[in-house]
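Trainee: I would like to learn how to read a domain interface and a few local features in a model.
Mentor: Here is the one we will use.

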Amino acid sequence: MKKKSRTTSVFLIVFFVIVTAITLLPLALLAVSSLRPGSDLMRYGLNFNIDWATASLNEYRMLFSGANNYFIWYRNSLLITVVQVALALFLSACVGYGFAMYEFRGKNLSFACVLLVMMVPTEVILLPLYRLITRMHLINNMWGIILPYLVVPMLVFFFRQYLSGIPKDFLDAARVDGCTEYGIFFRIMIPLMKPSFAAMGIYQGMSSWNNFLWPMIVTNSITKITLPVGLQSLLSPYGNNYDILIAGSCFAIIPILILFAAFQRYFIEGMTAGGVKG
Amino acid sequence: MKKKGILKKVLYSQKVAPYVFIAPFIITFVVFFAYSIFSMVMMSFQKVAGPNTVFVGLDNYKVIHNSIFIKSLKNSIFYTIVSCALMIPIPLVMAVMLNSKSMKAKSFFRSLLFIPALTSVVVAGVVFRMMFGELEGSFMNQVIASFGQGPLIWLRTPGTVWMVLFFVCLWRWTGVNMMYYLSGLQQIPSDLYESASIDGASTWQAFWNITVPLLKPTIIYVLTISIFGGMAMFSESYMIFNGNKSPNNIGTTLVGFLYRMAFEQNNLGIGSAVGVIFLSIVLVVNFLQLFANGTFGRKEK
């Protein structure tokens with residue numbers, strides 16, 4: 001019996017070592033290639049053949065030299081992510097709280113609307129939304145990217161779920177003590193929701209930072225685009241931008257990897273929040 | 001001064017407060033979602049040319065006879081079916097294996113397998129596009145060369161194009177789906193397995209008769225996100241082909257066709273009609289899914 005479980009154990013570990021190696025291979029390929037000159041990649045293709053004698057951080061030096069728009073894109077992405085996370089967290093928490101703690105007319109209908117937005121892929125309304133943003137004169141403006149997604153249904157759903165575990169007597173007790181409706185929210189509920197803010201912040205942060213399609217549609221000026229859109233624009237058939245493309249792709253993931261290593265639990269919680277059962 | 005007092009009283013009353021809390025949602029819903037759907041449906045019956053808008057009835061919906069539309073719809077359905085067939089069982093089996101008692105360093109592997117989910121579709125697209133480049137020295141061509149196969153033009157042949165797209169999908173989402181299953185597995189009481197093994201059930205029998213039925217809610221959830229993700233697929237194809245163009249439309253998806261009509265050819269009427277068709281598909285799938293889930297029956301209780 002014991003022997004059998006040992007064989008299983010060895011088999012499982014070997015299996016996962018292989019799968020993990022294959023999974024990490026593309027990123028390793030990217031990391032190694034970022035040390036090679038871009039002209040090399042254009043001529044020979046992306047592979048692991050690297051001459052360590054000529055390997056250098058030149059690509060990164062070029063990236064940081066300021067002779068390109070990379071850090072303008074980086075800054076745009078960072079700003080949009082921070083603003084969007086802050087607003088979406090706060091507003092979605094308000095909405096989720098409203099749904100979780102109160103009974104009011106039209107509650108079921110409005111919550112059905114939340115579910116409707118959640119299940120319709122944003123790609124469906126790409127065109128009319130773009131026309132609307134154009135008419136609001138928000139093309140090439142970060143608010144054009146942020147405004148339609150101010151309240152995120154996924155977050156509303158999650159916060160409602162999270163708060164529904166808190167007994168409503170809690171509210172009545174606070175009311176008796178003279179706390180206003182908004183006072184309850186700001187002074188009692190927000191502190192209680194802190195753990196869920198971390199996971200949801202990461203969920204929203206990842207989707208804002210990595211968002212590609214909508215920012216690509218809303219922005220077209222070279223200084224207004226976000227990092228993913230900018231990186232995509234470097235992918236020209238002539239390969240003349242490969243220096244920045246590869247090193248830039250690496251540098252787009254590195255901060256996230258560091259954050260992931262530090263806050264793993266919240267990352268996994270946040271990015272799989274959809275699976276939380278009601 | 002007095003007026004302000006009344007307003008404050010109303011705003012602070014327990015009856016009005018919930019509406020204040022949900023107002024941000026109602027406003028964004030009406031302005032961005034409901035209005036968009038409304039204007040899309042309107043535009044789908046119109047020919048929009050500058051300031052002149054003409055009502056053309058169902059003319060725009062003739063797009064369903066367009067061969068490229070049919071091809072892109074078929075591509076999306078094909079991608080959805082195959083990606084569901086891959087993304088449901090593979091992560092499930094991996095989650096069960098990882099959850100096994102004999103497995104060591106579970107959280108280490110779990111974290112490493114999650115890493116691809118942190119990359120954007122752009123970074124994933126750049127790496128995979130170049131890995132599967134047509135140069136002889138591209139990584140995948142080197143791999144097949146070691147098996148004695150000649151270099152392939154991966155991104156121009158239908159069979160290999162789809163393979164690359166499924167690779168990207170598997171690579172990015174296996175870790176995430178595995179995590180969904182793992183959290184589902186943790187909720188299954190372990191005594192179920194113990195009593196099954198006392199009764200002489202094999203690992204395989206336990207998997208089919210305990211794990212799969214009890215994970216049904218998670219499986220349905222993964223199925224749902226895979227269907228919508230699959231039908232809405234666009235960015236992956238856009239990255240792999242470096243634009244919304246693929247030789248002979250081998251990689252054009254439903255959203256790709258919508259994008260072409262709406263943004264590249266500026267044909268707002270047809271673009272909207274495709275959007276409405278897409279919306280109808282989404283709603284039908286949702287309805288079927290709710291029905292299969294028994295949600296309607298359960299509500300009666």
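Trainee: How many Å separate the centres of domain 1 and domain 2 of chain B?
Mentor: In this predicted model, the centres lie 38 Å apart, taken over C-alpha atoms. Domain 1 covers 2-43 and domain 2 covers 63-299. Four residues from domain 1 of chain B and six residues from domain 2 of chain B make the contact.

Trainee: What area is buried between domain 1 and domain 2 of chain B?
Mentor: Interface size is often quoted as the accessible area lost when the parts come together. Here that area is about 410 Å², with 81% from carbon and sulfur atoms. On the domain 1 side, B:Ile37, B:Met40 and B:Met43 lose the most area, together 89% of what that side buries. The rule finds zero salt bridges across this interface.

Trainee: Which residues make the nonpolar surface patch?
Mentor: A:Met136 joins B:Ile26, B:Ile27, B:Val30 and B:Val31 in a patch of about 380 Å². One of these, B:Ile27, sits in helix α2 (residues 17-43) of chain B. B:Ile27 counts as exposed because its relative accessible area is 54%, and the cut-off for exposed is over 50%.

Trainee: How should I read phi?
Mentor: Most residues other than glycine have a negative phi. B:Asn248 has a positive phi near 60°, and B:Asn249 has a positive phi of about 60°. B:Asn248 is in the loop between α12 (235-240) and α13 (254-264) of chain B, and B:Asn249 is found in the loop between α12 and α13.

Trainee: Is B:Asn249 buried or exposed?
Mentor: B:Asn249 is buried, because its relative accessible area is 15%, and buried means under 20%. B:Asn248 is exposed at 66%.

Key. Residues numbered from 1 in each chain as written. Chains lettered and ligands numbered in written order. Predicted model: local features only at pLDDT ≥ 70, side-chain atom pairs only at ≥ 80, totals over all residues. Heavy atoms only, no water. Patch = residues over 30% accessible without salt bridge, like charges linked within 9 Å, V, L, I, M, F, W, Y side chains within 5 Å. Areas by Shrake-Rupley, 256 points an atom, 1.4 Å probe, with all protein chains shown as cover. Salt bridge = Lys/Arg side-chain N within 4 Å of Asp/Glu carboxyl O. Helix = DSSP H or I, 4+ residues; strand = E, 2+ residues; numbered from the N terminus. Buried < 20%, exposed > 50% of the residue type's maximum accessible area, 1.4 Å probe, protein only. Domains from an automatic or database assignment. Contact = heavy atoms within 4.5 Å. Buried area = accessible area lost by both parts, 1.4 Å probe.
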